[in-house]
Structure formats: C-alpha cells, structure tokens
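Biologist: I would like a close look at a single part of this protein. Please take me through one helix and whatever packs against it.

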Amino acid sequence: MALQSAVGQNVETACPSAQCVEDLDFFFSRIWTPILTDCVSCHNADGPASFTDHVLLPSSEPGYLEHNFGVLQDFAAITDGKVGRDLLLSKPLGANHGGGQ
C-alpha cells in the first residue's frame, strides 16, 4: 500500500482493505513488467549503466524481484545533489535521463 500511495493512488478509495495489493505484487504488475524490463538491458552489472546507483537484476536471477524493488526504493530516496524519484520517472515520461537511450 505504501508504494501505491507513493505513485499517487488514493489508497483509501482505490484499495478497500479486502482488495489491497501488497507492495511487491504492485511493483511486479505495475512497474517491473511494463517499464523496468526495458531498463535492465542497460542497468545491470555488466551494462553501460553499471556504474550508477540503479543496477538491476534480470528476471533470470533468483531473488530479482525483491532485489530490484529494494534498488528502486533506495534510488528514489537519493537526494544528494539529485532527486532519485525524478530521475526514475524521467525515462518512462520520455525525458532525457542522462542515459544512452
């Protein structure tokens, strides 16, 4: 529910208590599957974005979902001279995120 609230869903009206989705399930269905599966092509340990704070595991790796969920939580909280949340949203919104593609 915290993740749903963070992305702007009104949890009280959008999620009656009997129908609430756990954060990890929400992350998988609404964030990982439609968006981040493209990001992992560069944001992986061997990719061109391996030097960033946003390094993901591919779905072929055990524990990838939990790892990637944690990476995004940590990255979104970065505030030292940059706003992690804004950088995360820049690519899906079509803005230049500083990466190659």
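Biologist: At which residue does α3 bend, and by about how many degrees?

Modeller: This is a predicted model. In it, α3 bends at W32, by about 65°. A proline follows within four residues of that point, namely P34.

The length of the helix tells a matching story. Helix α3 covers residues 23–39. A straight helix of 17 residues would span 24 Å at 1.5 Å a residue. The end C-alpha atoms of α3 span only 20 Å.

Compare α4, residues 64–76. Its 13 residues should span 18 Å at 1.5 Å a residue, and its end C-alpha atoms are 18 Å apart, so expectation and model agree.

Now the setting. The protein has 5 helices and 0 strands. Along the sequence the pattern reads α-α-α-α-α. Buried residues account for 30% of its 101 residues. Take the contacts between residues at least 6 apart in sequence: 27% of them join residues at least 24 apart. The accessible surface is about 6600 Å², and carbon and sulfur atoms hold 54% of that.

Back to α3 and its buried side. Its buried residues are D23, F26, F27, I31, W32, L36 and C39. The spacing has a general background. An α-helix has 3.6 residues a turn, so residues three or four places apart point the same way. The bend residue, W32, is on the buried list. W32 has a relative accessible area of 3%, under the 20% cut-off, and therefore counts as buried.

Several of these residues also belong to the largest nonpolar core, which has 16 residues. The members that touch the most others are F27, I31, W32, L36, L56, L65 and L72. Two elements, α3 and α4, give two or more residues to this core.

So what does α4 bring to the meeting? Its buried residues are Y64, L65, N68, F69, G70, V71, L72 and F75.

Aromatic rings join the two helices. A search of the whole structure finds 2 aromatic pairs. One is F27 with F69, edge-to-face, at 5.3 Å centre to centre and 65° between the planes. This pair links distant parts of the chain: F27 sits in α3, F69 in α4, 42 residues apart. F27 is buried, at 1% relative accessible area. F69 also counts as buried, at 14% relative accessibility.

The other pair involves the bend residue. The ring centres of W32 and Y64 lie 5.6 Å apart with planes at 55°, so the pair is tilted. Here too, distant parts of the chain are linked: W32 is in α3 and Y64 in α4, 32 residues apart. Y64 is buried, with a relative accessible area of 17%.

L65 comes right after Y64 in the list of buried α4 residues. L65 has 14% relative accessibility and counts as buried. Leaving aside neighbours within four places in sequence, L65 is in contact with L24, F27, F28 and W32. The C-alpha atoms of L65 and F28 are separated by 7.3 Å, although the two residues are 37 apart along the chain.

To put W32 together: α3 bends there, the residue is buried, its ring pairs with Y64, and L65 is in contact with it. W32 is also among the core members that touch the most others.

Terms used
Residues are numbered from 1 along each chain as its sequence is written. This is a predicted model: local features need pLDDT of at least 70, side-chain atom pairs count only at pLDDT 80 or more; totals for chains, interfaces and linings use all residues. Side-chain values use heavy atoms; hydrogens and water are left out. The expected span of a helix is 1.5 Å times one less than its number of residues. The bend at a residue is the angle between axes fitted to the seven residues ending there and the seven starting there. Buried means under 20% relative accessible area, exposed over 50%, partly exposed in between (1.4 Å probe, protein chains only). A nonpolar core is a set of buried Ala, Val, Leu, Ile, Met, Phe, Trp, Tyr and Cys residues joined through side-chain atoms within 4.5 Å. Contact means heavy atoms within 4.5 Å. Accessible areas come from the Shrake-Rupley method with a 1.4 Å probe; for residues, only the protein chains shown count as cover. Rings of Phe, Tyr and Trp (its six-membered ring) pair if their centres lie within 6.5 Å; planes under 30 degrees apart count as stacked, over 60 as edge-to-face and the rest as tilted.
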